[in-house]
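Open the structure in your viewer and keep the selection tool at hand. The stops below say what to select next and what is there.

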Amino acid sequence: MNDMETRVPMRVCSFVFTLSILAFAGGAFAIGQQQYVQTVAGKDSFPVVQNKQAASIYVDAGDWPGVIRATRDLQTDIARVTGCRPALFTESAGLKGPVVIIGTVGRSSLIRELVKNSKIEVRQIEGKWESFFLQTVSSPLPGVPNALVIAGSDKRGTIYGIYDLCEQIGVSPLHFWADSPVNRKDALFVTHGKFLQGPPSVKYRGIFLNDESPDLSGWVAHTFGTIPPQNDPPIPPNVANYNSRFYEKVFELILRMKGNYLWPAMWNNAFNEDDPENPRLADEYGIVMGSSHQEPMLRAQKEWDRRYQKKLGSWNYYKHPDVLKDFWREGIRRNRDYESIITIGLRGANDTPMIPGGTVPESIALLEEIVDTQRKMIAEEMNPDVTKVPQLWCLYKEVQEYYNAGLRVPDDVTLLWADDNWGNLRRLPTEAERKRSGGAGIYYHFDYVGGPRNYKWINTISIPTVWEQMKLAKEYGADRIWIVNVGHLKHVLLPMEFFLSFGFNTDRWTNSNIGDFTRLWAEREFGPRYAADIADIVNKYTKYNARRKPELLEPGTYSLIHYREAERIVEDFNAIVRKADEIYGKLAPEYRDAFYELVLFPAKACAQVNEMYVAAGKNVLYASQGRAATNDMADKVQELFDADARLMKHYNETFAGGKWNHFMDQVHIGYTIWQDPRQNIMPKVRRIEVPKAASMGVAIEGSASAWPGASENPELPALTASQRTYIDVFNRGQESFSYTAAPEQPWIVLSSTGGIVNKQERIWISVDHAGVPKGVQEGAIIVSRTGGERVRVKAISVQPSGMEPSAEFSYLDSGGYVSIEPEHFSRNTPAGGARWEKIDGYGRTLSAMTVLPPTAKSTAPPDDSPCLEYKMYLLSSGKATVHATFAPTLNFVPERSLRYGVSFDDEQPQIIDIVQRGFDARNGNREWEASVRNASRTIQSLHQLAGHGYHTLKIWMVDPGVVLQKIVVDLGGLKPSYLGPPESARASTTVELD
């Protein structure tokens, strides 16, 4: 039966189904929006589906084709959720019963009639960009007792209104790309009232399909085939068929997420000529098309390569201006009837400068000529008033250098500023630049091919970091265009949705509620019962990946000997995998595919890779100590490497019936340079000959040495009230042995005093807090093999003495250092209209503190400077080094560094550069490379403390944009590690001032 009908009665459900008995009962809704869809009737609510009857749907035949197409999606979605397929009308005559009326202001005759008859008021959206409302209306037409009106200010406004309803009834934007099932319902009602959204905070919000090989291109070739080789246009063999059937899925995804803009895949493809339907359908759907930062005038680089690479080489205006002019003109003429943003300027092919060895003035002069040529062409082919044609100039890599050297484009061109490819904004508009009519935008990255190392495999994006950087962009006026490189797309669906939805409404998510986004996302996808746990898993695996991307892992990344860091990394990952496995087993079968690909698989895959690298590090350490377990650890590395291969194969070939084959083709193990190796390479392992006879070895926390054998005497890290440490008793032979462990002092508490060792045993050491004397106490543990080796291990207890009670929150000395999570301040003092605020979940450990608003004026502390105070009780005096760990934020305000202030007690604050003025974030800058590898910068300051006891550390704002992740005060006891020591013990309360 034809979906588009003109006069039929309200459709009755064509089939009846029984609701599944799920592990939960949940209802999807638009994340962060007011929920207006209910499953029970309320006062004057509108019945979308009631008593197995669906309300009819009306859309004007003269409305935008994209609106009509989205209306069909609504019709289908209602049927998927309820089993009742609504009738769809394009003529209003004879409408009866409840009706969903869909229309665009200025295009829909019925919307115009409802306005004329005072049934609805559209002034709130009329003439605005991409705005819409849903409103329940009583008696809008004869024979229609009530209606739900979805009215949009323009084509996309109406489409967003349609998809907003789709999401609220229970259809996720991820229904195709993540196999998200619907939670079926008997009835659907829209709450009485008017629900308004728009205009968007950011005008153009889009994605860039980049770095798409091997995963996305492999999947496209597997699913849609390859393009048959041809001569006109010239297309070589084995090109993945990124055709209109593929792009329809992408267009719909973007629109359901309230995006509107796309840079298409371009590594080996040409959007406009690979399938001529691509640009036409993009315009019909309502997608604004562009081309990447290096592809001007709507021409793909592959269009040039296919025609001219053999004859002329890569495109280069310096060498072939006339050929490029004709090439560009053809592109503009071909696409002039479609909604586009035109990239202007020119870089060399494949992200290279255009004049090899040329000077900056020469490059600037050439670019000025190019831009002038391009704009004349746009005026001739598209609109004589060139300022009416949206254009952008992407200041990427060396192009920003040209801008800094004085190159300018006309004010109506949007300046698209880029991050450093690792999520840190390089530059934001100045006050003068914010006055430009073309405005500014951001080109951001969730995926990158380049130094210091590619990251393409899996989601490593932490949403709080995206929020913080894009909030900066909005506050500094970069709000015309936001586009993000999503790589092969499927692995970053969650941060992509946040990026697009945040761009639609930047006021919705703040530093205090950013954690709600993932929880609401989990509730939409999987229902409320496990939403908090699922959000915790996703937040943690992305945090763990963001602090060190899997491609950057090495056997020695995390400390094997200090603070149990490497072991804690493995434990933390495995804990979320266990939780994910448990939830997976409790979910109804129809939810398991979505849960696997969105939650369980990435958590498990990353856990295995991290554990493999830790095992490789342990293997080398054990070999140096002569442990019999050395070869066991080598076997474990091999097992985990093989498990990774099996997991990738399962994802590609078995999971979801092989629907997503090739999406896990990406190499991700064994990097040694920026580029990925040809195939995964297992970390090197060592194997040793293990003698038959038993021989005892002892290793301790804090040392790579082993006893007997090491020249120095073994000494455990200092023990405080909140700490414990360990001794490993291990075998250097094949035969087992018995051992004893005995403390020399009664305040030393051991988890084991003896036993049998086959390979190795761990003894945990703590102190009896009631029995240990105050101050510094020395003791020892004697570890002996029966009839053999004997090792005496020194132990030290450090317990505060003479500590007076404090009304303020205080940290306790951890035996030569104090480790601080910045959110646990003793006092937070605002100043100058700004204050330090917590960003929940940000950074490498717990959270972070930043100054809000981010546009606060720079200051010179202590005057008018927001200040964080951390009171602590120290056991020693003298030299103290403060290690302050910050986000790898760049000096995004030109001619300004990024600074903070630090002081102890009443000393004058030291003003310290985190990032110096003129800092150049590029490959080859070792400081920048380290900051993105480590996802942080650690800055040191030196202080002299008079006397032990209470001291107060103060962190002052100097420049806004600083994000403080961790603080460690080193009094001589700090040991090297990646994340720093776990937080020190603390007591009492905090003081937060208004």
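What follows is a tour of a predicted model, stop by stop.

**The four-stranded sheet**

Select strands 2, 10, 3 and 4. They form an open sheet in that order, 2-10-3-4, with antiparallel pairing. Strand 2 (37–38) and strand 4 (53–54) are at the edges, and each has a single partner strand, so one side of each has no neighbour in the sheet. Now restrict the view to strand 3 (residues 46–50) and strand 4: the two run antiparallel and are joined by 2 bridges. Val-49 is opposite Ala-54 of strand 4. Before leaving, select Asp-44 in the loop between strand 2 and strand 3. Asp-44 is not a glycine, yet its phi is positive, near 60°.

**Helix 1 against helix 3**

Next, show helix 1 (residues 65–82) and helix 3 (residues 155–169). Their axes come within 9 Å and cross at roughly 5°. Helix 1 is therefore roughly parallel to helix 3. To see the contact, display side chains: Val-67, Leu-74, Ile-78 and Val-81 are among those that helix 1 contributes, and Ile-159, Ile-162, Leu-165 and Ile-169 are among those from helix 3.

**Strand 9 and its partners**

Select strand 9 (residues 144–152). Of its 9 residues, 7 are buried, so the strand is largely enclosed by the rest of the structure. Strand 7 (residues 99–104) runs parallel to strand 9 and is joined to it by 6 bridges. Here Val-99 has Ala-147 of strand 9 as its bridge partner. Strand 8 (residues 132–141) pairs with strand 9 in the antiparallel sense over 8 bridges. Ser-138 is bridged to Asn-146 in strand 9. Follow the chain from strand 8 into strand 9 and you trace a hairpin with 2 residues between the strands. Gly-143, in the turn, has a positive phi of about 85°.

**The nonpolar cores**

Which residues have the most contacts inside the largest nonpolar core? Select Trp-177, Ile-207, Leu-209 and Phe-246; the core they belong to has 197 residues. Helix 17 (residues 589–625) supplies the largest share, 20 residues. Centre the view on Phe-246. Beyond its sequence neighbours up to four places away, Phe-246 touches Trp-177, Leu-209, Leu-216, Trp-219, Val-220 and Phe-224. A second core, separate from this one, has 59 residues, including Val-288, Phe-809, Val-902 and Met-957.

**Asn-268 in its loop**

Go to the loop between strand 17 (261–263) and helix 6 (271–274), and pick Asn-268. Is Asn-268 buried or partly exposed? With a relative accessible area of 34%, Asn-268 is partly exposed. Setting aside neighbours within four places in sequence, Asn-268 is in contact with Glu-212, Asn-238, Val-239, Lys-302 and Arg-306. One of these, Asn-238, is 30 residues from Asn-268 in sequence, and their C-alpha atoms are 9.8 Å apart.

**Strand 22, covered on both faces**

Select strand 22 (residues 440–445). Here 6 of the 6 residues are buried, so strand 22 is largely enclosed by the rest of the structure. In a regular strand the side chains alternate between the two faces of the sheet. In strand 22, Ala-440, Ile-442 and Tyr-444 are buried on one side, and Gly-441, Tyr-443 and His-445 are buried on the other. Now add the partners. Strand 21 (residues 414–418) pairs with strand 22 in the parallel sense over 4 bridges, with Ala-418 opposite Tyr-443. Strand 23 (residues 481–485) also pairs with strand 22 in the parallel sense, over 5 bridges, and there Ile-442 is opposite Trp-482.

**Helix 12 across helix 14**

Show helix 12 (residues 463–475) and helix 14 (residues 514–526). They pack at about 130°, with axes 9 Å apart. The two helices are therefore oblique to each other, and the crossing is right-handed. At the contact, Ile-463, Pro-464 and Trp-467 of helix 12 meet Ile-514, Phe-517 and Thr-518 of helix 14.

**Backbone details to finish**

Select Tyr-563, in the loop between helix 15 (531–547) and helix 16 (565–586). Its phi is positive, about 60°, although Tyr-563 is not a glycine. Tyr-563 counts as buried because its relative accessibility is 12%.

Two cis peptide bonds make up the last stop:

- Ser-213 to Pro-214, with omega near 10°; Pro-214 is in the loop between strand 12 (204–208) and helix 4 (215–224).
- Pro-861 to Pro-862, with omega about 10°; Pro-862 is in the loop between strand 36 (847–852) and strand 37 (867–874).

Note on methods: Residues are numbered from 1 along each chain as its sequence is written. This is a predicted model: local features need pLDDT of at least 70, side-chain atom pairs count only at pLDDT 80 or more; totals for chains, interfaces and linings use all residues. Side-chain values use heavy atoms; hydrogens and water are left out. Two strands pair if DSSP finds at least two bridges between them. A nonpolar core is a set of buried Ala, Val, Leu, Ile, Met, Phe, Trp, Tyr and Cys residues joined through side-chain atoms within 4.5 Å. Buried means under 20% relative accessible area, exposed over 50%, partly exposed in between (1.4 Å probe, protein chains only). Contact means heavy atoms within 4.5 Å. Axes are lines fitted to C-alpha atoms, for helices over the stretch in contact, and angles run from 0 to 180 degrees between N-to-C directions. Angles under 35 degrees count as roughly parallel, over 145 as roughly antiparallel, 65 to 115 as roughly perpendicular and the rest as oblique. A crossing is left-handed if the near helix is turned anticlockwise from the far one by less than a right angle, and right-handed if clockwise.
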